[in-house]
Amino acid sequence: MQGNIFLVGLMGSGKTTIGRALAKKLNKRFIDSDHEIEARTGVSIPVIFEVEGEASFRQREAEVINDLTAQDGIVLATGGGAILNETSRRFLHERGTVIYLRAGINSILQRTRHDKNRPLLRTADPRKKLEELEAQREPLYQQVAHIVIETGRPNIQFLVQSILTQLALIPGA
Ligand code: SKM
């Protein structure tokens with residue numbers, strides 16, 4: 001639980017891309033909780049949603065967050081809805097430094113346009129769905145975060161640098 005960095009935010013906010021780059025810079029191990037769930041179940045996330053439903057997916061997700069946050073020295077990209085679970089929020093906040101990557105709906109729509117791996121966006125009006133998710137989750141992302149980074153600027157190196165600068169300001173992070 002030492003030296004961990006946890007990235008939270010809506011799907012398509014860049015958690016995986018930024019997380020990988022950050023882990024490389026800090027010489028930490030990168031883990032993506034969605035990939036971990038897929039590795040454990042042997043199927044893709046859309047299949048888990050289809051076969052078991054969202055509630056069951058959330059249970060699996062909470063277990064994975066519990067296990068992964070107990071490790072040391074990792075950069076973890078969490079699933080967009082991982083913060084819905086109260087215990088996961090507590091583990092994330094207590095077991096590492098939480099960075100909320102805050103992205104605008106337009107950039108998220110652009111990033112997820114061709115992504116077939118987002119069951120919640122398989123709807124006639126993805127913008128409306130994202131607006132609903134944002135309204136519901138923004139307070140939870142804010143609540144769990146130690147640092148908030150606006151991802152309006154698309155330059156990954158710039159974002160990683162501003163995260164490193166802010167981390168340096170937090171004692172023990
Ligand atoms: O965890 C996946 C899954 O598609 C659900 C989700 C969400 O609820 O925002 C985000 C993805 O990372």
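Contact here means heavy atoms within 4.5 Å. In this predicted model, Ile149 offers a convenient point of entry. Ile149 belongs to strand E5, which spans residues 147-150. Leaving out residues up to four places away in sequence, Ile149 touches Ile99, Tyr100, Leu101 and Arg102, together with Leu159, Ser162, Ile163 and Gln166. One of these partners, Arg102, lies 47 residues away along the chain, yet the C-alpha atoms of Ile149 and Arg102 are separated by 5.9 Å. The relative accessible area of Ile149 is 4%, so this residue counts as buried; the limit for that class is under 20%.

The discussion now turns to the nonpolar interior. In soluble globular proteins, nonpolar side chains tend to be buried together. The largest nonpolar core of the model comprises 32 residues, and those with the most contacts inside it are Val8, Leu76, Ile83 and Leu92. Two or more residues of this core come from each of strand E1 (5-8), helix H3 (45-52), helix H4 (54-69), strand E3 (74-77), strand E4 (97-102), helix H6 (105-112) and helix H7 (126-144). H7 provides the largest share, five residues. Apart from this core lies another, of 16 residues, which includes Leu7, Leu101, Ile163 and Leu167.

Leu92 shows how distant parts of the sequence meet. Not counting residues up to four places away in sequence, Leu92 touches Phe6, Val8, Ile65, Thr69, Leu76, Thr78, Ile83, Val98 and Val144. Leu92 also takes part in the packing of two helices: Arg89, Leu92 and His93 in H5 meet Leu140, Gln143 and Val144 in H7. By class, this contact between H5 and H7 has three nonpolar, two polar and one charged residues. The axes of H5 (residues 86-95) and H7 come within 9 Å and cross at roughly 30 degrees.

H7 also carries residues that are not buried. Glu131 is found in this helix, and its relative accessibility of 40% is why it counts as partly exposed. The C-alpha atoms of Glu131 and Leu164 are separated by 30 Å, with their positions 33 residues apart along the chain. Pro126 likewise has its place in H7, and Pro126 is partly exposed, with a relative accessible area of 26%. Leaving aside neighbours within four places in sequence, Pro126 is in contact with Leu109 and Leu121. Pro126 and Arg113 are 13 residues apart in sequence and 9.4 Å apart in space, C-alpha to C-alpha.

Pro126, Leu109, Leu121 and Arg113 also appear together in the lining of the second largest pocket. The remaining lining residues are Thr112, His114, Asp115, Lys116, Asn117, Arg118 and Arg122. This pocket holds about 150 Å³ of space, and its lining has three nonpolar, three polar and five charged residues.

The largest pocket has a volume of about 600 Å³. Of the 35 residues that line it, the closest to its centre are Met11, Gly12, Lys15, Asp34 and Arg118. At least two lining residues come from each of helix H1 (15-26), helix H2 (33-41), H3, H4, H6 and helix H8 (156-168). H1 gives the most, with four residues. The lining of the largest pocket divides into eleven nonpolar, 13 polar and eleven charged residues.

The enclosed space is described next. The structure holds one cavity of 30 Å³ or more, and about 30 Å³ of space lies in the largest cavity. The residues around this cavity are Leu10, Tyr100, Leu101, Arg102, Ala103 and Glu134. E4 gives the most to this lining, with three residues. Four of the lining residues are nonpolar, none are polar and two are charged. Tyr100, Leu101 and Arg102 in this lining are also among the residues that Ile149 touches.

A last feature concerns the backbone. Most residues other than glycine have a negative phi, and most peptide bonds are trans. Asn27, although not a glycine, has a positive phi of about 60 degrees. Asn27 is placed in the loop between H1 and strand E2 (29-32). Is Asn27 buried or exposed? Its relative accessible area is 72%, so Asn27 is exposed.

Note on methods:
Residues are numbered from 1 along each chain as its sequence is written. This is a predicted model: local features need pLDDT of at least 70, side-chain atom pairs count only at pLDDT 80 or more; totals for chains, interfaces and linings use all residues. Side-chain values use heavy atoms; hydrogens and water are left out. A nonpolar core is a set of buried Ala, Val, Leu, Ile, Met, Phe, Trp, Tyr and Cys residues joined through side-chain atoms within 4.5 Å. Buried means under 20% relative accessible area, exposed over 50%, partly exposed in between (1.4 Å probe, protein chains only). On a 1 Å grid over the protein atoms alone, a cavity is a set of points where a 1.4 Å probe fits but cannot get out, and a pocket is an open set with protein on both sides within 12 Å along at least five of seven lines; lining residues have an atom within 4 Å of a point. Grid points are joined across faces, edges and corners, and a volume is the space filled by probe spheres set on the points. Ala, Val, Leu, Ile, Met, Phe, Trp, Tyr, Cys and Pro count as nonpolar, Asp, Glu, Lys and Arg as charged, and the others, Gly among them, as polar. Axes are lines fitted to C-alpha atoms, for helices over the stretch in contact, and angles run from 0 to 180 degrees between N-to-C directions.
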